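This report describes one protein model, taking its domains, its backbone and its charged side chains in turn. Please read it with the sequence and the structure side by side.

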Amino acid sequence: MSAVKNVLVIGGGGREHAICWKLAQSPKVGTVFALPGSPGIQQLDKVTLVGDVSVKNFDAIVSWCKSNAIHLVAVGPEDPLAEGLGDALQAAGIKCFGPGRKGAQIEADKNWSKDFMHRHGIPTARYSSFTKAEEAKAFINSASYEALVVKASGLAAGKGVIVAENEAQACAAVDEILGDKKFGSAGDVVVVEEKLSGEEVSVLAFVDSKTVRVMLPAQDHKRLQNEDRGPNTGGMGAYCPCPIIKPQQLEVVIREVLQRAVDGLRKEGIKYNGQ
């Protein structure tokens, strides 16, 4: 067996906890470093926290990786990827599980993401984007569909989406995002979407810029209270496997959503695979 490798995981939430937990089980992995990690992550076998490097200082992360013989960096949160950590690591010759800044736009810029889906025929709710509150509110009150989902276009820690019950609530959300700057610069552009009703299913996949390999579907719960009441959060929990989506439906998701996205990114010259 080849020599064991050291891995650095960026982040400190539940997602990164799960990544660290699974990586530590591999006999191919020596030490799993977590930056910044958490008290819970620290309790895992083979895991060491990195406390003297800022997650925002990419030069320091690159230097630390070289000094500690890091073979692979797995980036959990969206923010470092959107800000170019993957590009910085790639430029230094350090392998990174995560896209560069251009690829990260698909999560970091909802306006760009919606336009991308439209360009490549990927099914998505109808929408329009705005920078002026009055125009957005006029659209909400005149759209031919229920334009009640209001999103800050940028990253807002999973909290930048308001699913309104009526036009008045949707307009109030626009005022909060564009007028009051509730989410700061993440809300410089607001996306107003058609409200779709039904069960939510999350389908995540590994990609290599050409092929797609899906994980088991899961159901994520975002709303704060029971019966889908209360505001969206970063996530109130999830379960997997998820029996709601049937095998033939999953095939449609793979073919018409995931594969089209991977093909579209490649056609636009955007590298979306491990660096």
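**Backbone features**

In this predicted model, P36 has its place in strand β2, which covers residues 29–36, and the peptide bond that leads from L35 to P36 is cis, with omega near 0°. A cis peptide bond also runs from C240 to P241, here with omega near 5°, and P241 is found in the loop between β13 (229–239) and α10 (247–267).

Positive phi values in residues other than glycine are found at K181, where phi is near 55°, and at S209, where phi is near 85°. K181 lies in the loop that joins α9 (167–179) to β9 (190–193), and with a relative accessibility of 36% this lysine counts as partly exposed. S209, for its part, is placed in the loop between β10 (205–207) and β11 (212–214).

**Domains and the interface of domain 1 with domain 3**

The protein is divided into domain 1 (4–98), domain 2 (126–193) and domain 3 (205–274). Seen against these bounds, P36 of strand β2 falls within the range given for domain 1, and P241 within the range given for domain 3.

How far apart do the C-alpha centres of domain 1 and domain 3 lie? The separation of these two centres is 23 Å. Four residues of domain 1 are in contact with four residues of domain 3, and the two domains bury about 220 Å² between them, with 51% of that area on carbon and sulfur atoms. By class, the side of domain 1 that touches domain 3 is made up of two nonpolar and two polar residues, with no charged residues. Across the interface of domain 1 and domain 3 the count of salt bridges is zero, and the count of residue pairs in polar contact, with both residues at pLDDT 80 or more, is likewise zero.

**Salt bridges**

Side chains of opposite charge can pair when their charged atoms come close. For the model as a whole, the count comes to 13 salt bridges, and the table lists some of them.

| Salt bridge | Closest N to O distance |
|---|---|
| R15 and E78 | 3.5 Å |
| E193 and K114 | 2.7 Å |
| E193 and K151 | 3.2 Å |

In the pair of R15 and E78, the closest N and O atoms are 3.5 Å apart. This pair links distant parts of the chain, since R15 belongs to helix α1 (residues 14–24) and E78 to helix α4 (residues 78–82), with their positions 63 residues apart in sequence. R15 is partly exposed, at a relative accessible area of 44%, and E78 also counts as partly exposed, at 28% relative accessibility. The two residues do not stand alone, for R15, E16 and E78 are linked in a network of salt bridges.

Which residues form salt bridges with E193? One partner is K114, whose closest approach to E193, taken between N and O atoms, is 2.7 Å. Because E193 lies in strand β9 and K114 in helix α7 (residues 110–119), this pair ties together parts of the chain that are 79 residues apart in sequence. The other salt bridge joins the side chains of E193 and K151, at 3.2 Å from N to O. Here E193 of strand β9 meets K151 of strand β7 (residues 149–152), so the pair ties together parts that are 42 residues apart in sequence.

Are the residues of these two pairs buried or exposed? E193 counts as buried, because its relative accessibility of 8% is under the cut-off of 20%, and K114, at 4%, counts as buried for the same reason. K151 is buried as well, as is its partner E193.

**E194 and its contacts**

The next residue to consider is E194, which lies in the loop between β9 and β10. E194 is buried, with a relative accessible area of 16%. When its neighbours within four places in sequence are left aside, E194 is in contact with A125, R126, Y145, E146, A147 and V149.

Key
Residues are numbered from 1 along each chain as its sequence is written. This is a predicted model: local features need pLDDT of at least 70, side-chain atom pairs count only at pLDDT 80 or more; totals for chains, interfaces and linings use all residues. Side-chain values use heavy atoms; hydrogens and water are left out. Domain bounds come from an automatic or database domain assignment. Contact means heavy atoms within 4.5 Å. Buried area is the accessible area (1.4 Å probe) that two parts lose on being put together, summed over both. A salt bridge is a side-chain nitrogen of Lys or Arg within 4 Å of a carboxyl oxygen of Asp or Glu. A polar contact is a pair of N or O atoms within 3.5 Å; within protein, one must be able to donate a hydrogen and the other to accept it, and residues adjacent in sequence count only if both atoms are side-chain atoms. Ala, Val, Leu, Ile, Met, Phe, Trp, Tyr, Cys and Pro count as nonpolar, Asp, Glu, Lys and Arg as charged, and the others, Gly among them, as polar. Helices (H or I, at least four residues) and strands (E, at least two) are DSSP runs, numbered from the N terminus. Buried means under 20% relative accessible area, exposed over 50%, partly exposed in between (1.4 Å probe, protein chains only).
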